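Here is an informal walk through the side-chain packing and charge pairing of one protein chain. Have the viewer open and follow along.

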Amino acid sequence: MKIFRKFLNSPDKKRLFSNFVSLAVLQGANYILPLITFPYLVRVLGVEKFGLLAFATATVTYFQILTDYGFNLSATRDISIHRENKEKVQEIFSSVMVIKFGLLILSFILLIILVFSFDKFRKDWEVFVLSFGMVVGQVLFPVWFFQGMEKMKYITILNIFAKLLFTVAIFVFVKEQADYWKVPLLNSLGFILAGVLALWIIFRDFGIKFPLKASKNNLILQLKKGFYLFLSSGFLSLYRSSNSFIIGLILNNTYVGYYSIAEKIIYTIQSLQDIVGRALYPYFAKKFRNAFEFTLFFKKIVFLLVTIYLSITLLTISFSTFLIILISGKDEIIISNLLRIMSIVILVGGLNYWLGILGFTSLGNYKIFMNGVLIAGISNLALCVILLILIGIYGAGLSLLLSEIILLIYLSLNLRKIIKIEKVAYERNLS
């Protein structure tokens, strides 16, 4: 308790602890609520319709990436640095939101062209259009603003409210397989409502004025800052979101359903690291001035990180059959085997999260992270297509794992390279 009180003596650390608690509650809700609806939807809708919804979600994910444009990191960093300057915060907020609304309009036009140009999409056009509401809600909800201001409690309250509403609505309105179209509708409405409330809080409590005005120079500046992160997010999707999309194109929605069930379990487990990561990111952005300082910190905790991630990985492998029976009501051998293959992603992807997101991007080294994600993303894209053809659905899980390993090797080698350069520069300054 003495150590705990000493830790909270610092205003920065008090804020960090408050953010950690808020995100812990949020992530707890993110973890528990999907576990309630996930098995219900799989059982009521069946694997094929669940796969269709996963295919639609994978499709609109590309538009979420486009509208995010890397601002969840670049704008968070800007707001965090200038949060005491109200005029600068207004300038950043206005510029980012104007860009995001422009990208939202562009995204909807592209979606309509895609959906009505190909039979694969046209036959279920309503699912894709309804799923696009998630993109609208994400644009309206400026998570990056609350993170930069280190006011995560707002994110927590609004997200939990939206997810609770969605969870209750699923059980009330989705009763049979024919109700599958209601799932993206209800999900989108939850996103949009949370976004509208978030904007209302920002205008009420943070001194942001409406209408938003942004100069051409500020728009260009924000576009430049977010560019590398936008590219890295796009390439990141090549191995974090594209596999479901590729399976849908090469195989069918049933196999998308198999893969998506295993993937959802892995990503739900991985989302727990966001509790720590989202709270630490603004803190790291101010604390670490160079890669050498971050590396000293990382070396102190790497054994602990490996122990935690490895333990979770082994537990997931051990209980894979139990998890699938719990979710689908029966032992689906294909999904169980996929889950075992993909479980190793928890360990490798966890280390990538700390080196890439909390390391390179918090230090402002966006280009290195982008290049690594580009290499991993292209590798996954090629491997997924080749392995799907050669060994079927298991190839998608294997390609995801291999791409994570490729990224880990790249980030580790570049961190060592940067440290050597910084060490030489330091020695020169001394001499």
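## Charges over rings

Let's start with a lysine and a ring: K120 lies over the face of F55, at 5.6 Å from the ring centre. Keep in mind that this is a predicted model, and that side-chain atom pairs count only at pLDDT 80 or more.

There's another arrangement of this kind to look at. The charged end of K49 sits over the ring of Y180, with 4.3 Å between that end and the ring centre.

## V42 and its surroundings

V42 is part of helix α2, which covers residues 11-68. Is V42 buried or exposed? With a relative accessibility of 4%, V42 counts as buried, because the cut-off for that label is under 20%.

Leaving aside residues up to four places away in sequence, V42 touches V47, F50, I261, I327 and S328. Some of that reaches a long way along the chain: V42 and G329 are 287 residues apart in sequence, yet their C-alpha atoms are separated by 8.9 Å.

I261 is worth a click too. With the same sequence neighbours left out, I261 touches F38, V42, F50, I324, I327 and I335. So V42 and F50 show up in the contact list of I261, just as I261 and F50 show up in the list of V42.

## The nonpolar cores

How many residues does the largest nonpolar core have? The count is 85, and the residues with the most contacts inside this core are V183, Y259, I261 and W354. Helix α2 gives the most to this core, contributing 14 residues. Apart from it lies another core, made of 31 residues, including F71, M149, I202 and I208.

## Aromatic pairs

Searching the whole structure turns up 21 aromatic pairs. Take F141 and F146: their ring centres are 6.1 Å apart and their planes sit at 75°, so this pair is edge-to-face. Both F141 and F146 are buried.

W144 and F145 make an edge-to-face pair as well, at 6.3 Å centre to centre and with 85° between the planes. W144 is buried, and F145 is buried too. Stepping back, ring pairs join F93, F141, W144, F145, F146, F203 and F206 into a cluster.

## Salt bridges

The whole-structure search finds five salt bridges. One of them pairs D68 with K100, where the closest N and O atoms are 3.5 Å apart. D68 belongs to helix α2 and K100 to helix α4 (residues 86-115), so this bridge ties together parts that are 32 residues apart in sequence. How accessible are the two partners? D68 has 15% relative accessibility and counts as buried, and K100, at 1%, counts as buried as well.

D119 and R122 form a salt bridge whose closest N and O atoms are 2.1 Å apart. Both residues lie in helix α5 (residues 119-122), three residues apart, or about one turn of the helix. Here D119 counts as exposed at 56% relative accessibility, while R122 counts as partly exposed at 32%. One more bridge is the one where the side chains of D179 and K182 meet, at 3.3 Å from N to O. D179 and K182 are both buried.

Terms used. Residues are numbered from 1 along each chain as its sequence is written. This is a predicted model: local features need pLDDT of at least 70, side-chain atom pairs count only at pLDDT 80 or more; totals for chains, interfaces and linings use all residues. Side-chain values use heavy atoms; hydrogens and water are left out. Helices (H or I, at least four residues) and strands (E, at least two) are DSSP runs, numbered from the N terminus. Buried means under 20% relative accessible area, exposed over 50%, partly exposed in between (1.4 Å probe, protein chains only). Contact means heavy atoms within 4.5 Å. A nonpolar core is a set of buried Ala, Val, Leu, Ile, Met, Phe, Trp, Tyr and Cys residues joined through side-chain atoms within 4.5 Å. Rings of Phe, Tyr and Trp (its six-membered ring) pair if their centres lie within 6.5 Å; planes under 30 degrees apart count as stacked, over 60 as edge-to-face and the rest as tilted. A charge sits over a ring if NZ of Lys or CZ of Arg is within 6 Å of the ring centre and within 35 degrees of the ring normal. A salt bridge is a side-chain nitrogen of Lys or Arg within 4 Å of a carboxyl oxygen of Asp or Glu.
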